[in-house]
Amino acid sequence: MNWLNTFFMMSPIPQSQLMMGHYDYQLVLLSIVVASAASFFALHFASVAKFISSPFLQKIALFSGAIIMSGGVWSMHFIGMLAFQMKGAMSYNIPLTILSLLPSLIASYVTLHFLIRKKSITLWQLILGGTIVGSGIGAMHYIGMAAMQMDAQLRYDPIWFTLSIIIAIGLAFIALSTRHYITTLWPSWNLKFVNVLSASIMGAAISGMHYAGMESARFIMQPSMHTMNTSDNNQQFLSLSIATITILLSILASNITSQLRYRQLFQEKSENELRLQTTLDTAIDGIISMDAKGIILAFNKAAEKIFGWSEQEIIGKRISLLLPKSNDLQNRKATFKTLINAANIIDGADNEVFALHRHGRIIPIRLAIGKVDIIGQKPIFVGFITDISTRKEMEEKIAKSEAQYRSLIKNIPGVSFRSLLLNSSPKCDTFHFKQLSTFL
């Protein structure tokens, strides 16, 4: 149990042997702002990474968020140490200082990964997340304190030491729970506002743990030590430098992650457009979309075959270009309105109308028009067109054949009949001959 005596203050120490200090409250406030800002950017990274489908890009976003959060904890710690002004020179063990980043980095990455992977988070999972974050913050703080090199012995009050860990875990749990339950129960809330609220609580967890840990620290002078000179370091300049660098790096990393998200959205948009264009191009029916003024917006391959116009030639032209010129409606706008009124009485219903081919011939088509309402914009009309020329030709041929048949029947003299011979016996032949004689 000797290690407890080297870490905790197991017995009272005379006040004369303790090195006392005081806080610069402007730097204290700055440390809290840095911790909250870093927490906000980390939660923002989690929000963005949740919608990134690429596993590689998602890991980049998570790792960036973890670096920012652990860097924020580290910056807050050293700004808080600079805010505590105490006599005597102080330096830091560089390898141990760098090592102090590791627990916070691991805890931040695990927690952010946990936030984006879990669709439904239970209470025990939130407690586990808060414990991981709080433990990472606490480990970073006490490893950073161990890296301090000064002319005094460092011991900790066991009660305040325990309380500092409880504060870190408790407030981290509250921060994660706040974000989870608000986004679950009130999904319409602005996510940035939720992240700000959660980041403020997380910043309080980081800062509360640090200053409770500092309250537990006891700097013990050796009996042979005399009064020490005050350090002449420029704490405010160094603190502002650390804070500025941390926030700028957070903003830079946040922009990079946002660009990753926008890149994915652009890629998804391009893929969706490609799938839509492929569907339109392979459709058997002609598909034409037009705006409320009758300007053609889209013209697929099947429509090109039906009307003889290429997509490049027809896009931007009015729909009246595809209507027969023999119409009484000369005004293009009136023509378009007539088309809509005639063909769109029932949205999506089939209508058989006539259209105009590029080379001037009239085409019978089956037309269905659908209306697409877009919020904040004028509606778009989509026409689905089938060339029924072949069917019309067949109907005309059938009608012509029926007419010829009827005419033939009317013009045959006498009575047409058919004799059914039941058998070849003479009696039967006599019978049919007698029947035939009655008609003659």
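**Exercise 1.** What should the 29 residues of helix α3 span at 1.5 Å a residue, and how far apart are its end C-alpha atoms?

*Solution.* The model is predicted. Start with the helix: α3 covers residues 55-83. The expected span is 1.5 Å times one less than the number of residues. For the 29 residues of α3, that gives 42 Å. Now compare with the model. The end C-alpha atoms of α3 are 41 Å apart, which agrees with the expected span.

**Exercise 2.** State how many residues of α3 are buried.

*Solution.* Take the cut-off: buried means under 20% relative accessible area. Apply it along the helix. Of the 29 residues in α3, 21 are buried. The helix is therefore mostly covered.

**Exercise 3.** Find the salt-bridge partner of R218, place both residues in the chain, and decide whether each is buried or exposed.

*Solution.* Step one is the general idea. Side chains of opposite charge can pair when their charged atoms come close. Step two is the cut-off: the side-chain nitrogen must lie within 4 Å of a carboxyl oxygen. R218 pairs with D157, and their closest N and O atoms are 3.8 Å apart. Step three places the pair. R218 sits in strand β6 (residues 217-220), while D157 sits in the loop between β5 (153-156) and α7 (158-185). The two residues are 61 residues apart, so the bridge links distant parts of the chain. Step four checks burial against the limit of 20%. R218 has 18% relative accessibility, so R218 counts as buried. D157 has 16%, so D157 counts as buried too.

**Exercise 4.** Work out which residues E395 pairs with in helix α13, and how the residues are spaced.

*Solution.* Begin with R391. R391 forms a salt bridge with E395, with 3.2 Å between the closest N and O atoms. Both lie in helix α13 (residues 389-411). They are four residues apart, so about one helical turn separates them. Next take K392. K392 also bridges to E395, with closest N and O atoms 4.0 Å apart. These two are three residues apart in α13, again about one turn of the helix. Put the pairs together: R391, K392 and E395 form a network of salt bridges.

**Exercise 5.** Give the relative accessible area of R391, K392 and E395, and classify each residue.

*Solution.* Partly exposed lies between 20% and 50%. R391 has 32%, so R391 is partly exposed. K392, at 24%, is partly exposed. E395, at 36%, is partly exposed.

Note on methods. Residues numbered from 1 in each chain as written. Predicted model: local features only at pLDDT ≥ 70, side-chain atom pairs only at ≥ 80, totals over all residues. Heavy atoms only, no water. Buried < 20%, exposed > 50% of the residue type's maximum accessible area, 1.4 Å probe, protein only.
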